[in-house]
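Biologist: I am new to this structure. Please take one part of it and walk me through its surroundings, step by step.

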Amino acid sequence: TTSPLSGMKFLCAEDNAINAEILEMLLESKGASCTVCSNGQEIVDAFASVKPGEYDMILMDVQMPVMDGLEATRRIRNGENPLGKTIPILAMTANAFDEDRRNALESGMTGFLSKPIVIGDLVQELRKIL
C-alpha cells in the first residue's frame, strides 16, 4: 500500500539540525519530499517565491531563533504570496498544552503535531485537512 504521504511536498521549519534530519528521513521513507528552513525568517523568505503546486503543506516548528513559528505563520498568512492564505500549516511543538494549541491556531495554523513527530499523527492531521 502506498503511504497517504506519498508524493506530497512539505516545506518545513525546524531549527534543530538533528530533528530536521529525522523529519526529512521520516517523510522521505513515506515517499514525500521536504525542504527544511532553519528558522522562521528563512521560511517566510522561502515562501515568498513559492509557486502553485510547489508545496502541499508547511510543517512549522513553534520555538525557533530569529523568528518563531507563530510569527512566521502570521507573515505567511498575511504575506504577498496568495498561496499563504490557503496552504495548510501544521505546528510542531514539544509543548502540547491547550494554550500552545490555541496560540498556534490563533496565529493561523491549521493543525498541531506534538514532537517528536509520529507519522501516524501527521497522517491523521492530513485526513482532517485534505
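Modeller: Let us start with strand β4, in what is a predicted model. Both faces of β4 are covered. On one side I89, A91 and T93 are buried, and on the other side L90 and M92 are buried. In a regular strand, side chains alternate between the two faces of the sheet. How many of the residues of β4 are buried? The count is 5 of the 5, so β4 is largely enclosed by the rest of the structure.

Next, the sheet around this strand. It is an open sheet of 5 strands, in the order β2-β1-β3-β4-β5, with parallel pairing. Its edge strands are β2 and β5 (111-114), each of which pairs on one side only. From one strand to the next, the twist averages 25°.

Now look at one pair of neighbours. β3 and β4 run parallel and are joined by 4 bridges. L59 has L90 of β4 as its bridge partner. I58 stands opposite I89 in β4. Helix α3 packs on the sheet and touches β3 and β4. The direction of α3 makes about 150° with that of β3.

Which residues of α3 are buried? They are G69, L70, A72, T73, I76 and R77. Seen down the axis of α3, these buried residues fall within an arc of 160°, so they line one face of the helix. The cover over them includes α2, β3, β4 and α4 (98-106). The N-terminal end of α3 has a cap. There, a side-chain oxygen of D68 lies 3.1 Å from the backbone nitrogen of L70.

Two residues of α3 deserve a closer look. Take T73, which sits in this helix. T73 has a relative accessible area of 0% and is buried, where the cut-off for buried is under 20%. Its side chain reaches the backbone oxygen of G69 at 2.7 Å. What does T73 contact, leaving aside its neighbours within four places in sequence? The contacts are M60, I89, S107, G108 and M109. So I89, a buried residue of β4, is also in contact with T73.

The other residue is I76. Leaving aside neighbours within four places in sequence, I76 is in contact with I43, V44, F47, I58, M60, N81, G84 and I89. I89 thus appears in the contacts of I76 and in those of T73.

Where does α2 come in? The buried residues of α2 are G40, I43, V44 and F47. Seen down the axis of α2, they fall within an arc of 100°, so they line one face of the helix. They pack against β1, β2 (33-37), β3 and α3. At the start of α2, a side-chain oxygen of N39 reaches to within 2.9 Å of the backbone nitrogen of Q41.

Last, the nonpolar core. The largest one has 22 residues. Of these, I43, I58, M60, I76 and M109 touch the most other members. At least two residues of this core come from each of β1 (9-13), α2 (40-48), β3 (57-61), α3 (69-77) and β4 (89-93). Apart from it lies another core, of 18 residues, with L5, C12, L113 and L126 among them.

To return to the start: β4 has both faces covered, pairs with β3 through 4 bridges, and is touched by α3. β4 also supplies at least two residues of the largest nonpolar core.

Definitions and conventions. Residues numbered from 1 in each chain as written. Predicted model: local features only at pLDDT ≥ 70, side-chain atom pairs only at ≥ 80, totals over all residues. Heavy atoms only, no water. Core = buried A, V, L, I, M, F, W, Y, C linked by side-chain atoms within 4.5 Å. Buried < 20%, exposed > 50% of the residue type's maximum accessible area, 1.4 Å probe, protein only. Contact = heavy atoms within 4.5 Å. Polar contact = N/O pair within 3.5 Å; in protein donor to acceptor, adjacent residues only side chain to side chain. Arc of directions from axis to C-beta. Pairing = 2+ DSSP bridges. Axes fitted to C-alpha atoms, helices over the stretch in contact; angles between N-to-C directions.
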